[in-house]
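Dear colleague,

I am handing over the structure below, and my notes on it follow. Please read them alongside the coordinates.

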Amino acid sequence: MRILITGNLGYLGTGVVMQLRTAFPEATLIGYDMAYFASSASNSSVLPEKSLDEQVYGDVRNMPAEVLDGVDAVVHLAALPEDLLGQKYDSITKDVNYTATIRMAELAKAVGVEAFVFASTCSMYGAAEESDVSEFSDLNPISNHAAAKLQAELDLEPLAGDGFSITCLRFPTACGMSDKPRLGLLLNDMVAEAITTGSVRVSATNNYWQPLLHVQDMARAIEWAVTRDIAHGGEYLIINAGSNSWNFRTHDLGQAVAEAIPGTMLHFTDDEVADNRSYKVNFDLFKALAPNHQPLYTLTEAIAEMRNGLSAKMLNSDNAGELQLNRLLALNKLEEQGLLDHQLRWAHQRIVSDRELALELLD
């Protein structure tokens with residue numbers, strides 16, 4: 001089996017590579033990434049990319065079809081990853097998260113790929129009025145990121161069929177430690193705040209619902225999707241990938257972090273919350289279809305792992321650590337340095353493989 005993983009150098013991608021290597025030791029794994037965050041602080045003593053058979057560097061907006069030669073399955077993670085990015089780079093978010101996704105799927109089907117796994121998002125439920133939203137609930141995306149993911153889901157559906165299966169995994173908000181750790185995520189930010197300030201701030205008036213999922217349990221869901229039985233779920237499947245037990249109120253999350261990190265105080269503020277998303281998600285379908293790939297982490301374990309993994313060096317006061325952990329700050333810095341243009345393309349971009357890059361370095 002030959003599997004292409006786009007966005008493999010990111011927070012989720014590194015864990016996906018390791019999970020797929022463990023699950024399919026004989027598979028050929030190819031990574032494809034723009035390498036925006038390749039230099040992000042690593043929590044690993046060895047590069048996760050060592051588990052790949054090949055790393056290709058390039059932009060999903062213009063990926064050549066030959067990258068898909070002989071590929072059996074595509075795991076499509078590449079995206080501008082968070083709503084803050086979507087607000088600043090709204091047109092680019094649509095190009096990357098929607099247009100490039102459809103183009104990727106069209107190319108994949110044309111060359112005979114059998115399975116296409118799309119990392120989608122539960123955030124498209126927005127400010128849900130239902131108390132337990134399912135895959136059949138009304139959608140209300142209130143961010144560019146979620147809107148682009150939803151449009152991609154809609155336009156992927158007609159492509160499924162004739163031996164080409166598509167699985168859209170609607171993931172909750174990611175959390176937990178990764179070989180490429182990341183801030184800008186609810187629980188991760190709470191832990192970082194507790195470590196650096198000794199307190200966790202939550203809104204006193206907005207105790208909203210937020211489903212979470214550990215990044216490694218996301219990788220396990222992707223493993224399931226790569227080889228899932230289409231007799232159960234069909235050739236086109238949208239599924240909330242997570243666990244009912246991982247739906248939390250923000251006040252409860254803050255309390256859990258305060259209890260896990262000695263000396264931390266929970267501080268209720270009167271601040272207005274800019275993000276008014278609130279949704280409690282039903283994950284019964286995922287439990288039924290993927291009983292052997294249910295989340296393994298507990299909230300307590302995720303917090304402890306983040307507490308132990310976020311070193312003082314990563315969270316130092318001169319912002320060097322934050323620049324490596326916060327995706328928006330990292331992109332802003334690359335732009336300021338003239339390394340990225342206003343379309344977030346490398347100033348001197350061309351597509352290279354790891355072999356070509358090694359030869360250039362030797363020269």
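**The sheet, the cores and one serine**

Strands β7, β9 and β11 form, in that order, an open sheet of 3 strands with mixed pairing, where helices (H or I, at least four residues) and strands (E, at least two) are DSSP runs numbered from the N terminus, and two strands pair if DSSP finds at least two bridges between them. This is a predicted model, in which local features need pLDDT of at least 70 and side-chain atom pairs count only at pLDDT 80 or more, while totals for chains, interfaces and linings use all residues. Residues are numbered from 1 along each chain as its sequence is written, and side-chain values use heavy atoms, with hydrogens and water left out.

The edge strands, each pairing on one side only, are β7 (173-175) and β11 (247-249). β7 runs parallel to β9 (residues 209-214) and is joined to it by 3 bridges; in β9, His214 is the bridge partner of Cys175.

The largest nonpolar core (buried Ala, Val, Leu, Ile, Met, Phe, Trp, Tyr and Cys residues joined through side-chain atoms within 4.5 Å; buried means under 20% relative accessible area, with a 1.4 Å probe and protein chains only) has 43 residues, of which Leu4, Leu68, Val74, Phe116, Leu156 and Ile166 touch the most other members. The largest share of this core, 9 residues, comes from α3.

Ser137 lies in the loop between β5 (115-121) and α4 (144-156), and counts as buried because its relative accessibility is 9%. Leaving aside neighbours within four places in sequence, Ser137 is in contact (heavy atoms within 4.5 Å) with Tyr125 and Glu130.

Best regards

Key. Buried means under 20% relative accessible area, exposed over 50%, partly exposed in between (1.4 Å probe, protein chains only).
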